[in-house]
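Q: Could you take one part of this model and walk me through it closely? I'd like the packing, the contacts and any odd backbone spots along the way.

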Amino acid sequence: MADFVGAIDQGTTSTRFMIFDRAGHEIGRHQLEHRQILPGAGLVEHDADEIWENTLKTIGVALADTGLGPADLAAIGITNQRESALIWDRRTGRPCHHVIVWQDTRTAAAIPALDAELLRDRTGLPPATYFSATKIRWMLDNVPGLRDRAERGEVLFGTLDSWLIWNLTGGRHLTDVTNASRTQLMNLHTLDWDDELLEVFGIPRAMLPAIRPSAEIYGTAEAVLPGVPIAAAIGDQQAALFGQTCFAPGEAKCTYGTGNFVLLNTGTAPVRSTHGLLTTVAYQFGDGAPVYALEGSVAATGSAVQWLRDQLGVIESAGASEDLARTVDDSEGVCFVPAFSGLFAPYWRPDARAAIVGLARYHTAAHITRAALEAICYQTRDVMAAMARDSGSSLDCLKVDGGVTANALCMQLQADILGVPVSRPAVAETTALGAAYAAGLAVGFWRSPDELRANWREDRRWEPSWDQARRDDGTARWRAAIDRTLDWVSVG
């Protein structure tokens, strides 16, 4: 067998290809950002052709840089931004519209009319613009002729895993249970598309991909990696849970990317949240029983720092946020709530909008930047508090991963605000590692999850330094800031 496994990590802001060895060490990578298309307030789109072209480029460069070829890869796995919706022509493979990204809020007016009890019972998800179903319906209703074409079976829907599998294999139309569970169309209990929900949203079954386990051989690549098995597809947050080797009920991780996502493994039975969290499929391998998770999804974390860079020009790079924030000892009463797409877990308030509050003439860009880092941590605290109430227990340590973990100040603030240690693994990009692990298990590259656990290594740990009084004061100020973001726009 070949000595390496590859992973395509197709994220909200970039696509990367990473290569790992049997010990889970990173051997090589290449990454390219794609455009964030913002046609108007609350509208977020991507160019699917650009994403596919970047995927090809990242694979080619990563292989060239490492001196490897397709024959050196035992398999590849795919992990992807979830919920983002694409429709393309079955015959030509051309997109019928830009990808409508998970952050997009154009369907907010449709949300109040949805049956919340039905959706939570069947899918584990609340009514929200976040999920794919209302995005699909919007395209069918607003792109001329698209609904008629969908009824005739001429167009296909997919999340970005499906788009990549389609292009890599020359036309296989598949998705996995984790991505399907985020469309708001899959029944959590049957793991199949739900006919009643398809009728509610007006979506023809003929345009939907076949739902498969997260790890099995879906086919072999034709483009760029000829003959290499495509052996896993798993949504990005579930992939990070797997990459952090959270295989037992009660184990959890937090991934900091464009958004912020905490997942708690709940075992083979779905647990319904009563505190604003999502019930979702964590993974399914081969013919085994699916494993479920509770999830707290936050819309804007890393994207808040990106906003400071791209829209305000306060910093030149995301990494510069740490240096600037360190020039002040405190945010001095400034709170930044980055509710650009409303508030997700545990609030689920589409009427909220971003706000920076508590400003005086004294405050500088450094205070606002530090407040942005604190916002990442307070949003995580909100989710962890809800998770503790749902599960009846709290974590002794938070495992973290994702790009924001490179910001040591942010991770120290996270430990301070939570009041528990924060642990970063040696491979911080555990989303790609999880996809590689899943693919490797599917083809026998790794024999068992125990072998993967043995690979996990801690790189750094942050211990909390705040006393409880400071923690309580900061939390109270954050909650007051949250209140000031609500009822800002009308929905429904």
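A: Here is a walk around one helix, α12, and then outwards to some other spots. Keep in mind that this is a predicted model.

Let's start with α12 itself, which spans residues 408–418. This helix is mostly covered, with ten of its eleven residues buried. The buried set is made up of Ala 408, Leu 409, Cys 410, Met 411, Leu 413, Gln 414, Ala 415, Asp 416, Ile 417 and Leu 418. Note that Gln 414 and Asp 416 are on that list along with the hydrocarbon side chains of residues such as Leu 413.

Both ends of α12 have something to look at. At the N-terminal end, Asn 407 acts as a cap, with a side-chain oxygen 3.2 Å from the backbone nitrogen of Leu 409. At the other end, just after the helix, Gly 419 has a positive phi of about 80 degrees.

Now for the partner helix. α11 covers residues 365–391, and its axis comes within 9 Å of the α12 axis, crossing at roughly 40 degrees. That angle makes α11 oblique to α12. As for the hand of the crossing, it's right-handed. From α11, the residues that take part are Arg 370, Leu 373, Glu 374, Ile 376, Cys 377, Tyr 378, Thr 380, Arg 381 and Met 384. They meet Leu 409, Cys 410, Leu 413, Gln 414, Ile 417 and Leu 418 of α12. Sorted by class, this contact has ten nonpolar, two polar and three charged residues.

One of the charged ones is worth zooming in on. Arg 381 sits in α11 and counts as buried, because its relative accessibility is 19% and the cut-off is under 20%. Apart from neighbours within four places in sequence, Arg 381 is in contact with Ile 417 and Leu 418, and also with Thr 475 and Arg 479. Thus an arginine contacts another arginine here.

Next, Ser 321 leads back to the same neighbourhood by way of its contacts. Ser 321 belongs to helix α10, residues 320–325, and is buried at 2% relative accessibility. Setting aside residues within four places in sequence, Ser 321 contacts Val 305, Ile 315, Thr 369, Leu 373 and Asn 407. You've met two of those names already: Leu 373 is one of the α11 residues that meet α12, and Asn 407 is the N-terminal cap of α12. A polar atom of the Ser 321 side chain also lies 2.6 Å from the backbone oxygen of Ala 318. For a sense of scale, the C-alpha atoms of Ser 321 and Tyr 362 are separated by 19 Å, with their positions 41 residues apart along the chain.

There's another helix pair to set beside the α11 and α12 one. α8 and α13 (residues 430–443) pack with their axes 7 Å apart, at an angle of about 75 degrees. That makes α8 roughly perpendicular to α13. On the α8 side the contact uses Asp 236, Ala 239, Ala 240, Phe 242 and Gly 243. On the α13 side there are Thr 430, Thr 431, Leu 433, Gly 434, Ala 435, Tyr 437, Ala 438 and Leu 441. The class count here is eight nonpolar, four polar and one charged.

Follow the chain on from α8 and you reach Cys 246, in the loop between α8 and β15. Cys 246 is buried, with a relative accessible area of 1%. Beyond four places in sequence, Cys 246 touches Leu 241, Glu 251, Ala 252, Lys 253, Asn 265, Tyr 283 and Lys 399.

Glu 216 ties in with α13 too. Glu 216 lies in strand β13, residues 215–220, and its side chain makes a 2.8 Å polar contact with that of Arg 212. Its contacts more than four places away are Ile 230, Ala 231, Ala 232 and Ala 442.

Finally, the odd backbone spots. The peptide bond from Ala 345 to Pro 346 is cis, with omega near -5 degrees, and Pro 346 is in the loop between β19 and β20. Leu 191 and Asp 487 are non-glycine residues with a positive phi: near 60 degrees for Leu 191, and near 60 degrees for Asp 487. Leu 191 is in the loop between β10 and β11 and is buried at 17%, whereas Asp 487 comes in the segment after α15 and is exposed at 63%.

Conventions
Residues numbered from 1 in each chain as written. Predicted model: local features only at pLDDT ≥ 70, side-chain atom pairs only at ≥ 80, totals over all residues. Heavy atoms only, no water. Axes fitted to C-alpha atoms, helices over the stretch in contact; angles between N-to-C directions. Helix = DSSP H or I, 4+ residues; strand = E, 2+ residues; numbered from the N terminus. Parallel < 35°, antiparallel > 145°, perpendicular 65-115°, else oblique. Left-handed = near helix turned anticlockwise from the far one by under 90°. Contact = heavy atoms within 4.5 Å. Nonpolar A, V, L, I, M, F, W, Y, C, P; charged D, E, K, R; others polar. Polar contact = N/O pair within 3.5 Å; in protein donor to acceptor, adjacent residues only side chain to side chain. Buried < 20%, exposed > 50% of the residue type's maximum accessible area, 1.4 Å probe, protein only.
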